[in-house]
Amino acid sequence: DYWQAVDVYIGGTEHAVGHLLYSRMWTKALHDLGHIGFDEPFKKLINQGMIQGSSRFVYRINGSNTFVSKGLKQQYKVDEIHVDVNMVDGVELNTEAFKKWRPEYANAEFILEDGKYICGAEIEKMSKSKSNVVNPDDIVAQYGADTFRMYEMFLGPIDMSKPWDTKGIEGVHRFLKKMWRLYNDEQGLIVSDEPATDAELKTLHKTIKKISEDIERFSFNTSVSQFMICVNELSALNCHKRSILQPLAVVIAPFAPHFAEELWHQLGNEGSVIDAAYPQYDEKYTVENSKLYPV
């Protein structure tokens with residue numbers, strides 16, 4: 001009866017949770033039969049925090065179809081109305097899109113400040129009723145799946161609630177493009193087989209160490225920050241060395257798998273990057289062995 005119930009359970013929307021139940025029950029059974037020495041398959045339970053919405057508001061003057069910008073609303077009696085965040089750039093409303101949003105707003109008029117309509121903003125639960133839902137398909141179409149994936153990690157600790165801000169995703173997108181330029185220019189691959197310098201090796205091994213530790217702690221937001229630091233340092237060093245960039249492609253694969261897979265094959269490797277051995281850091285490259293003293 002239990003297994004039948006689980007079959008029904010995983011056939012619905014809770015598919016992943018059903019697999020966890022299967023794993024736990026088989027572990028218990030194998031332990032009781034003496035085949036394995038542990039009776040729990042998981043070491044830690046992580047409850048992921050909620051991705052909140054950043055709502056936007058327009059202000060309609062009472063009894064009219066005129067909307068006043070946020071900075072001027074104190075001069076009027078207004079009704080606060082949620083507006084679709086997808087027609088707002090930051091806090092600036094696309095007034096033409098707003099007119100097309102709903103029939104009752106087709107003849108809307110606007111009182112602007114400095115030529116713009118500025119919306120109000122508030123962090124709320126993401127829901128259709130608040131018009132603050134962001135469609136992941138639209139984000140992926142504009143920025144790519146890896147940018148979307150890394151930005152979700154970058155928002156904050158995995159177990160904390162945090163607000164979604166589409167404007168913020170551009171920073172992660174720029175980072176991936178900057179990393180791409182370590183491997184490629186307009187003509188194609190620019191990776192060389194020159195030996196790496198001590199400074200380049202230090203940046204790489206410092207990153208491998210930090211990412212390895214962060215993954216164990218489920219601290220993915222600080223991992224993304226470390227990748228950004230690494231790419232900035234390698235760019236400043238004008239590094240295009242295979243001995244540095246090939247391990248870096250493997251390390252970033254869990255965070256940006258499609259991006260890493262493309263780089264892996266550009267570097268002439270067979271198979272998939274996910275089958276590559278994960279790089280190990282060398283402690284000698286992560287210690288400070290020189291100091292700069294002003295005299």
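## Exercises on cores, rings and backbone angles

Beyond its neighbours within four places in sequence, I252 touches M150, F175, L176, M179, F227 and A260; contact here means heavy atoms within 4.5 Å. The model is predicted: local features need pLDDT of at least 70, side-chain atom pairs count only at pLDDT 80 or more, and totals for chains, interfaces and linings use all residues. Residues are numbered from 1 along each chain as its sequence is written, and side-chain values use heavy atoms, with hydrogens and water left out.

**Exercise 1.** Place I252 in its core: which residues have the most contacts inside the largest nonpolar core?

*Solution.*
- Fix the term. A nonpolar core is a set of buried Ala, Val, Leu, Ile, Met, Phe, Trp, Tyr and Cys residues joined through side-chain atoms within 4.5 Å. Buried means under 20% relative accessible area, exposed over 50%, and partly exposed in between (1.4 Å probe, protein chains only).
- Read off the members. The largest core has 45 residues, and M150, F175, Y183, F227, L248 and I252 have the most contacts inside it.
- Trace the suppliers. Helices α4 (136-143), α5 (145-154), α6 (169-183), α7 (198-216), α8 (220-236), α9 (242-252) and α10 (257-266) each give at least two residues to this core. Helices (H or I, at least four residues) and strands (E, at least two) are DSSP runs, numbered from the N terminus.
- Look elsewhere. Another core, of 17 residues, lies apart from it and includes L93, Y105, A108 and F110.

**Exercise 2.** Classify the ring pair F220 and F255: what are the centre distance and plane angle?

*Solution.*
- State the rule. Rings of Phe, Tyr and Trp (its six-membered ring) pair if their centres lie within 6.5 Å; planes under 30 degrees apart count as stacked, over 60 as edge-to-face and the rest as tilted.
- Count. The structure holds 14 aromatic pairs.
- Apply the rule. The centres of F220 and F255 are 6.4 Å apart and the planes lie at 75 degrees, so this pair is edge-to-face.
- Locate the partners. F220 is in helix α8, F255 in the loop between α9 and α10, 35 residues apart.
- Check burial. F255 is buried, at 2% relative accessible area.

**Exercise 3.** Where do D114 and N238 lie?

*Solution.*
- Recall the background. Most residues other than glycine have a negative phi.
- Take D114. Its phi is positive, about 55 degrees, although D114 is not a glycine. D114 sits in the loop between β6 (109-111) and β7 (120-124) and is exposed, at 79%.
- Take N238. Its phi is also positive, about 55 degrees, in a residue that is not a glycine. N238 sits in the loop between α8 and α9 and is exposed, at 54%.
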